[in-house]
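User: I would like to go through the fold of this chain step by step, with the reasoning spelled out for each point.

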Amino acid sequence: MTNAPKKSYPDLPSGSRIQDVANSVDPRVTALLERYYEHFASPELPVPVDSIAVDLLGLTVDEDDALDVSGMLVPDEHQIWLNGREARQSPGRRRFTLAHELGHWVCQYTEGRVEPRYCRAEEIGVGVGRKLEREANMFAAHLLMPEPLVRREAAAVKLNLHALARRFEVSVPAMKVRLQQLSLLPAYMQ
Ligand SMILES: [Zn+2]
């Protein structure tokens with residue numbers, strides 16, 4: 001990350017730089033957000049995961065009620081399919097699944113891997129899954145809930161879990177696990 005720009009993020013606490021964040025965040029997420037904000041918009045919440053997928057990465061994102069998994073990445077076609085029924089039930093879940101598929105795309109498809117990736121519901125979530133799924137989940141959690149913004153917002157709303165989930169547009173369970181990961185959740189809330 002020695003080449004990382006030194007610019008400040010207006011959305012971060014004053015004095016914070018993306019460089020400071022790199023140690024605690026998947027550097028590929030940092031690079032992706034950096035690229036996005038250079039070209040499209042200033043840092044904002046919720047993280048614009050659809051725009052990152054479509055405008056920045058050139059992927060097509062569609063939903064299909066007949067999909068028998070939660071998410072599917074077809075790298076050859078630069079296509080992500082999301083489960084339409086799940087998307088309607090929970091926009092937060094839809095965003096996490098999309099971010100998870102972006103994790104596969106960014107982290108695992110740069111080496112010529114071409115076979116489609118099918119992701120079942122039980123493989124998608126903060127801190128779950130094995131190997132490639134876990135990596136995609138970690139990527140998604142970091143992308144949707146960047147540590148410095150979670151810390152700032154958590155302080156601002158006094159750890160109100162539902163308020164935080166709304167702010168980041170994620171599910172309450174996803175927000176809760178993220179707070180646990182960052183050691184922000186007091187024992188009585190766990
Ligand atoms: Zn997956």
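The questions and answers below concern this structure, which is a predicted model.

User: What pattern of helices and strands does the chain follow along the sequence?

Analyst: The secondary structure of this predicted chain comes to 9 helices and 4 strands. Read from one end of the sequence to the other, these elements follow the pattern α-α-α-β-β-β-α-α-β-α-α-α-α.

User: In what order do the strands lie in the open sheet?

Analyst: Strand S2 (residues 71-74) pairs with strand S3 (residues 79-83) in the antiparallel sense over 4 bridges, and S2 is also joined to S4 by 3 bridges, again running antiparallel. The pairing in the open sheet of 4 strands is mixed, and the order of the strands is S1-S3-S2-S4. Strand S1 (60-64) and S4 are the edge strands, each of them pairing on one side only. Neighbouring strands are turned against each other by 15° on average, direction ignored, in a sheet whose order is S1-S3-S2-S4.

User: Which residue in S4 is the bridge partner of Met 72?

Analyst: S2 pairs with S3 and is joined to S4 as well, which invites a look at Met 72 from both sides. In S3, the residue standing opposite Met 72 is Trp 81. In S4, the bridge partner of Met 72 is Tyr 118.

User: Which residue in the turn of the hairpin has a positive phi?

Analyst: The hairpin is formed by S2 and S3, with 4 residues between the two strands. In the turn, a positive phi of about 50° belongs to His 78.

User: Is helix H6 mostly covered or mostly open, and how many of its residues are buried?

Analyst: Helix H6 (residues 132-144) has 13 residues and reaches 18 Å from its first C-alpha to its last, close to the 18 Å expected at 1.5 Å a residue. Its buried residues include Glu 133, Asn 137, Phe 139 and His 142. The helix is mostly covered, and the number of its 13 residues that are buried is 10.

User: Which helices and which strand do the buried residues of H6 pack against?

Analyst: Ala 136, Met 138 and Leu 143 are among the buried residues of H6. Helix H6 packs through its buried residues against strand S4 (117-119), and the helices it meets in this way are H2 (27-39), H3 (49-56), H5 (91-108), H8 (161-168) and H9 (172-181).

User: What percentage of the contacts with a separation of 6 or more comes from residues 24 or more positions apart?

Analyst: Of the 190 residues of the chain, 35% count as buried. Among contacts in the chain with a separation of 6 or more, the part from residues 24 or more positions apart is 58%.

Note on methods: Residues numbered from 1 in each chain as written. Predicted model: local features only at pLDDT ≥ 70, side-chain atom pairs only at ≥ 80, totals over all residues. Expected span 1.5 Å × (residues − 1). Buried ≥ 20, exposed ≤ 12 C-beta atoms within 10 Å, placed from the backbone. Contact = placed C-beta atoms within 7 Å. Pairing = 2+ DSSP bridges. Axes fitted to C-alpha atoms, helices over the stretch in contact; angles between N-to-C directions.
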